Number of protein chains: 2
Amino acid sequence: MQGKDVVLGLLNQRDMSGYEIKDVFETQLKFFFDGTFGMIYPILRKLEKEGLIQKKHVVQDLKPNKNVYSITDLGKKEFKTYLNSKTVEETFKSDFLMRMYFGQELDRDKMISFIKQEIERKKTNLSELTDNYERWTNNGMNSFQEITFMYGIAYYKSEIKVLNEALEKLDGQD
Amino acid sequence: MQGKDVVLGLLNQRDMSGYEIKDVFETQLKFFFDGTFGMIYPILRKLEKEGLIQKKHVVQDLKPNKNVYSITDLGKKEFKTYLNSKTVEETFKSDFLMRMYFGQELDRDKMISFIKQEIERKKTNLSELTDNYERWTNNGMNSFQEITFMYGIAYYKSEIKVLNEALEKLDGQD
DNA sequence: GCTGCCATGTAAGATGTTACATGATTGT
DNA sequence: ACAATCATGTAACATCTTACATGGCAGC
């Protein structure tokens, strides 16, 4: 599962420009995948070269022109192959937990401020995710896609709770 | 936060060989960072070249010889710099959620089997994490390090619950 | 003889990040 | 003027993954 597969999957749903793809990444896939322009455009070029997608130049009146990509039959086949491949294990990398792990090096107040910062960060993430969920619900979403949101919301809520409990426990040790 | 910082952090705690570092990655950091030999050994070589760590060849009797690394003053300084740098946002990548998102392509049974597989996967991960937590508790662990485990355990438990609920809901739709 | 654990490494390639670079249009 | 949004891209670099390659020692 790489950027390539995700882009192909999106174009398998409907035609899009690189800019639009970035937008879907931000509003719908952000919790479990992130893509940047520096990644999306090179992927589009590569997929086109391989004949998996096709470019159409679209002239616009009120906005700058754009390149809209559509998936080819070859691309559809390739995406199906991905969908039927073995699911790879998720990856998670946390700088915050790293600091918790190596915390003995720092003083207690610094550590507590790290935790408070992380709680705030997660609260922000949660409200963004909730907003995107609500916005998308109105545009049609199937029960499986809904799971991706439930999953993310449960994650943030449960970690906010854990971190608050940790703070309380640390307070009790004074 | 990269492999380099983690390796430096571990050697900041005590001297270790590449093989031992891998073991700590597996048993203590696995939830929020993963390292492979193909990553660890090149990092050790690089850090040594930069003068941040030092190699000692240790001849062993009952086991193959090994290279034990220790951190230098320069390395300690470098690690402190990392600890005081701004925490970067966590990253999460999930192939499972990807399939949930693009699920309309597949038939319902296949999707349900993906969910069941993922629940099993998470149950296994949870029990491994719990085992490592218990094993480590007996070897001394501070309250901040404990947070890294609480965080992971909460994650797995809450996602297992979400996925089970999703399954029930899907059953109700028959 | 085989398996499992201990132990170290390389080389090639894929992948992704960061920073830079450009420019139109719309609204304030 | 200026900021925001729309729109596309490159080049250099850092990083990591995968696969390969080797070999000692212990116990069955």
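## Two helices, two DNA strands

Helix H1 (residues 3-13) of chain B packs against H3(B) at an angle of about 75°, and their axes are 10 Å apart. H1(B) is therefore roughly perpendicular to H3(B). If you would like to find this contact on screen, look on the H1(B) side for Gly3(B), Lys4(B), Val7(B), Leu8(B) and Leu11(B), and on the H3(B) side for Met39(B), Ile43(B), Leu44(B) and Leu47(B). Sorted by class, the contact has 7 nonpolar, 1 polar and 1 charged residues. Do keep in mind, as we go on, that this is a predicted model.

Now let us follow H3(B) to the DNA. Which element gives the largest share of the surface near DNA strand C? H3(B) does, with 5 residues. The helix packed against H1(B) is thus also part of the surface near DNA strand C. Helix H2 (18-29) and strand S3 (66-71) of chain B each supply at least two residues to this surface, and so does helix H3 (37-49) of chain A. Both chains take part, then: among the 22 residues around DNA strand C, the nearest are Gln2(A) and Leu62(A) from chain A, with Tyr19(B), Gln60(B) and Asn67(B) from chain B.

What part of DNA strand C does the protein meet? Of the strand's atoms within 4 Å of the protein, 69% belong to sugar or phosphate, and the rest belong to bases. Several phosphate contacts can be picked out. A polar side-chain atom of Gln2(A) is 2.2 Å from a phosphate oxygen of this strand. The side chain of Gln60(B) places an N or O atom 2.5 Å from a phosphate oxygen, and for the side chain of Arg45(B) the corresponding distance is 3.3 Å. As for composition, the surface near DNA strand C has 9 nonpolar, 9 polar and 4 charged residues.

Next comes DNA strand D. Here 22 residues surround the strand, and the closest are Tyr19(A), Gln60(A) and Asn67(A) of chain A, together with Gln2(B) and Leu62(B) of chain B. Of the atoms of DNA strand D within 4 Å of the protein, 70% are in sugar or phosphate, while the rest are in bases. Where can you see phosphate contacts on this strand? The side chain of Gln60(A) has an N or O atom 2.5 Å from a phosphate oxygen, and the side chain of Tyr41(A) has one at 3.1 Å. Asn67(A) makes its approach through a polar backbone atom, 2.6 Å from a phosphate oxygen. The elements giving two or more residues to this surface are helix H2 (18-29), H3 and strand S3 (66-71) of chain A, along with H3 of chain B. H3(A) gives the most, with 5 residues. By class, the surface near DNA strand D divides into 9 nonpolar, 9 polar and 4 charged residues.

Finally, the UniProt record offers two labels for chain A. Its unreviewed entry lists "domain: Transcription regulator PadR N-terminal" at residues 7-80 of chain A. In the model, that stretch is 54% helix and 19% strand, and its end C-alpha atoms are 13 Å apart. The unreviewed entry in UniProt also places a "coiled-coil region" at residues 112-173 of chain A. This second span is 90% helix and 0% strand, with its end C-alpha atoms 13 Å apart.

Technical notes
Residues are numbered from 1 along each chain as its sequence is written. Chains are lettered from A and ligands numbered from 1 in the order in which they are written. This is a predicted model: local features need pLDDT of at least 70, side-chain atom pairs count only at pLDDT 80 or more; totals for chains, interfaces and linings use all residues. Side-chain values use heavy atoms; hydrogens and water are left out. UniProt positions are given in the numbering used here, feature names are shortened, and annotations may be inferred rather than shown by experiment. Helices (H or I, at least four residues) and strands (E, at least two) are DSSP runs, numbered from the N terminus. A residue is near a molecule or strand if one of its heavy atoms lies within 4 Å of it. A polar contact is a pair of N or O atoms within 3.5 Å; within protein, one must be able to donate a hydrogen and the other to accept it, and residues adjacent in sequence count only if both atoms are side-chain atoms. Ala, Val, Leu, Ile, Met, Phe, Trp, Tyr, Cys and Pro count as nonpolar, Asp, Glu, Lys and Arg as charged, and the others, Gly among them, as polar. Axes are lines fitted to C-alpha atoms, for helices over the stretch in contact, and angles run from 0 to 180 degrees between N-to-C directions. Angles under 35 degrees count as roughly parallel, over 145 as roughly antiparallel, 65 to 115 as roughly perpendicular and the rest as oblique. Contact means heavy atoms within 4.5 Å.
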